[in-house]
Amino acid sequence: MTTTNPTPLTLLGLGAMGTALAHTWLTAGHPLTIWNRSPHRAQALTTHGATAAPTPADAIAANQLIVVCLLDDASVEETLTGTDLTGKDIVNLTTTTPDQARTRATWAEQHGARYLDGGIMAVPSMIGNPDTGAYVLYSGNRPLYDTHWRTLAVPASTTYLGENPGHAALYDVALLSGMYGMIAGITHAYALLRADHIPTQDFAPLLTSWLTAMTFTAPKTAHQLDTGDYTKDVVSNLAMQAGADTLLRTAQDQGVSTELLAPFVDLMKRRVADGHGDEEFAGLVDLLRTT
């Protein structure tokens, strides 16, 4: 994506993701000031037109729009503390918890800055390539987003989630949790096959098509949760699925640990024992909640 009169900005943090972001803004013609704790990471970017600042304070002083992409919330505080944030627009793309994002937003406002939190739904190689489906979730100060969304959309498409600064981080973690749950299932499936020396590449297309077919459960479960009717449109109820001892026994017979699968089977059995065997998965959400 290219823009006319590209907005100048500062980027703090040049890890793999920060470097990918920097390249896209430079390619689009944005004047870019950069800083990184290890200065050698800036060298390749300066040859492409970036200006390397010696300190975070110098980098922040250079522009109104400040994008932060660091290791964690502690590194964000360490980097920004002692700098003049008055009148600055802080866009924090560092992975944090929702509570940390809300606290950081209040902290930034107390220091005279507007604050927008972001969650990057991509790996570095996807940045700058619209065909990959990369996007960034944003939440927090709406005027800041409205002012800079075109610049923010250069590396990846943007989705604004509202004024609550913690919602981008919450969506980010929720989406990643779904991903890791899927990967856990894939890991267990491949472990089962390895015991019989079955080529996993032969199995992969079957697994991919099956998981794709089962994605219909996500919107259906969401509808059940929102309406409160957990028995609507049930296809395969928990009373049947909770008898999943065959899955656990097969794992044991194949010499595979059940540690990835057993907790979910136990959760289904608990829901059935509580008298909800006519449901599918929506009620498990209530079991997981601790408050």
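In this predicted model, the second largest pocket makes a convenient starting point, with a volume of about 730 Å³. Its lining is made up of 33 residues, and those nearest the centre of this pocket are M17, L93, T95, I120 and A122. Two or more lining residues come from each of α4 (73-80), β6 (114-121) and α7. Of the contributors to this lining, α7 gives the most, with 7 residues. Sorted by class, the lining of the second largest pocket holds 18 nonpolar, 11 polar and 4 charged residues.

Attention can now turn to the largest pocket, which has a volume of about 2,400 Å³. A total of 45 residues line this pocket, and G181, M182, T217, F264 and F281 are the closest to its centre. Several helices take part here: at least two lining residues are supplied by each of α7 (167-194), α8 (200-213), α9 (217-227), α11 (245-253), α12 (262-273) and α13 (282-288). Once again α7 is a name to look for, as the largest share of the lining of the largest pocket, 14 residues, comes from this helix. The class make-up of the lining is 31 nonpolar, 12 polar and 2 charged residues.

For a reader finding a way around the model, α7 is a helpful landmark: this helix gives the most residues to the lining of the second largest pocket and also provides the largest share of the lining of the largest pocket.

Methods:
Residues numbered from 1 in each chain as written. Predicted model: local features only at pLDDT ≥ 70, side-chain atom pairs only at ≥ 80, totals over all residues. Heavy atoms only, no water. 1 Å grid on protein atoms, 1.4 Å probe; cavity = no way out; pocket = protein on both sides within 12 Å on 5 of 7 lines; lining within 4 Å. Points joined across faces, edges and corners; volume = space filled by probe spheres on them. Helix = DSSP H or I, 4+ residues; strand = E, 2+ residues; numbered from the N terminus. Nonpolar A, V, L, I, M, F, W, Y, C, P; charged D, E, K, R; others polar.
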